[in-house]
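This report sets out how the strands, helices and buried side chains of one protein chain are arranged. Please keep the sequence and the structure in view while reading.

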Amino acid sequence: METRNLTCIGCPLGCALAAEIEHGEVINVTGNTCRRGDDYARKEVTHPARTVTSTVRVTGGDIPMVSVKTAQDIPKEKIMDIMDCIRSIQAQAPVHIGDVLLENAAGTGVNIIATKNIPSVAAPAEQ
């Protein structure tokens with residue numbers, strides 16, 4: 001039997017978890033003070049996933065970048081593929097929170113969405 005030590009990120013307590021693994025399956029989790037710790041340990045050991053956050057260039061906006069994130073967790077091994085996709089896109093202002101900037105990023109079925117509003121900059125009036 002293998003034991004894997006983890007720090008839970010399910011809530012602010014940051015419990016020290018110990019997941020006992022046998023034949024690739026979690027058979028016991030200890031150290032958690034809430035149910036989220038047990039859920040986190042089982043998921044982290046068998047299929048780790050993350051939410052990816054980054055920024056995307058914006059044209060025509062009052063600032064040059066917009067913060068973005070994956071709409072759901074993605075498999076941990078796809079993080080670099082997701083980042084490659086994010087680097088390849090550019091948004092046109094206006095951008096609104098929740099706007100989908102890229103669908104099905106890296107074939108994961110997960111969208112990249114904006115997490116900030118970026119208004120358009122009005123073109124200067126000609127004289």
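## Basis and the three-stranded sheet

Axes are lines fitted to C-alpha atoms, for helices over the stretch in contact, and angles run from 0 to 180 degrees between N-to-C directions. The model described here is predicted. On that footing, helix H1 (residues 35–46) lies across E1, E2 and E3 and runs at about 145° to E3.

These strands make up an open sheet of three strands in the order E1-E2-E3, and the pairing is antiparallel. Its edges are strand E1 (2–7) and strand E3 (25–30), each of which pairs on one side only. On average, neighbouring strands of this sheet are turned by 30° against each other, direction ignored. Six bridges link E1 to strand E2 (residues 16–22) in the antiparallel sense, and leucine 6 has leucine 17 in E2 as its bridge partner.

## The five-stranded sheet

Another open sheet contains five strands, ordered E8-E5-E6-E10-E9, with mixed pairing. Strand E8 (90–92) and E9 are the edge strands, each pairing on one side only. Here the average turn between neighbouring strands is 45°, direction ignored.

Within this sheet, E5 and E6 run antiparallel and are joined by five bridges; valine 56 has valine 66 in E6 as its bridge partner. The hairpin of E5 and E6 has five residues between the strands, and glycine 60 there takes a positive phi near 75°. E6 is also antiparallel to E10, to which three bridges join it. In E10, isoleucine 113 is the bridge partner of lysine 69, and isoleucine 112 is that of threonine 70.

## Two faces of strand E6

In a regular strand the side chains alternate between the two faces of the sheet. E6 shows such alternation: Val66, Val68 and Thr70 point to one face and are buried. Met65, Ser67 and Lys69 point to the other face and are not buried.

## Helix H2 against the sheet

H2 lies across E5, E6, E9 and E10, and it runs at about 15° to E5. Which residues of H2 are buried? They are Ile82, Met83, Cys85 and Ile86. Seen down the axis of H2, the buried residues fall within an arc of 160°, so they line one face of the helix. The face turned away from this buried side carries the exposed residues Met80 and Arg87.

The buried residues of H2 pack against E5, E6, strand E7 (74–75), strand E9 (100–102) and E10.

## The nonpolar cores

The largest nonpolar core has 18 residues, of which Val56, Val58, Val66, Ile82, Ile86 and Val95 touch the most other members. Two or more residues come from each of strand E5 (53–59), strand E6 (65–70), helix H2 (79–87) and strand E10 (112–114). H2 gives the most to this core, with three residues.

What does valine 56 contact beyond its neighbours within four places in sequence? Its contacts are Pro64, Met65, Val66, Val68, Ile86, Ile89, Gln90 and Ala91. Val66 is thus listed among the contacts of valine 56 and is also its bridge partner in E6.

There is also a second, separate core of eleven residues, which includes Cys8, Leu17, Ile21 and Val29. One of these residues, Leu17, is the bridge partner of leucine 6 in the three-stranded sheet.

Notes. Residues are numbered from 1 along each chain as its sequence is written. This is a predicted model: local features need pLDDT of at least 70, side-chain atom pairs count only at pLDDT 80 or more; totals for chains, interfaces and linings use all residues. Side-chain values use heavy atoms; hydrogens and water are left out. A nonpolar core is a set of buried Ala, Val, Leu, Ile, Met, Phe, Trp, Tyr and Cys residues joined through side-chain atoms within 4.5 Å. Buried means under 20% relative accessible area, exposed over 50%, partly exposed in between (1.4 Å probe, protein chains only). Helices (H or I, at least four residues) and strands (E, at least two) are DSSP runs, numbered from the N terminus. Contact means heavy atoms within 4.5 Å. The arc is that of the directions from the helix axis to the C-beta atoms. Two strands pair if DSSP finds at least two bridges between them.
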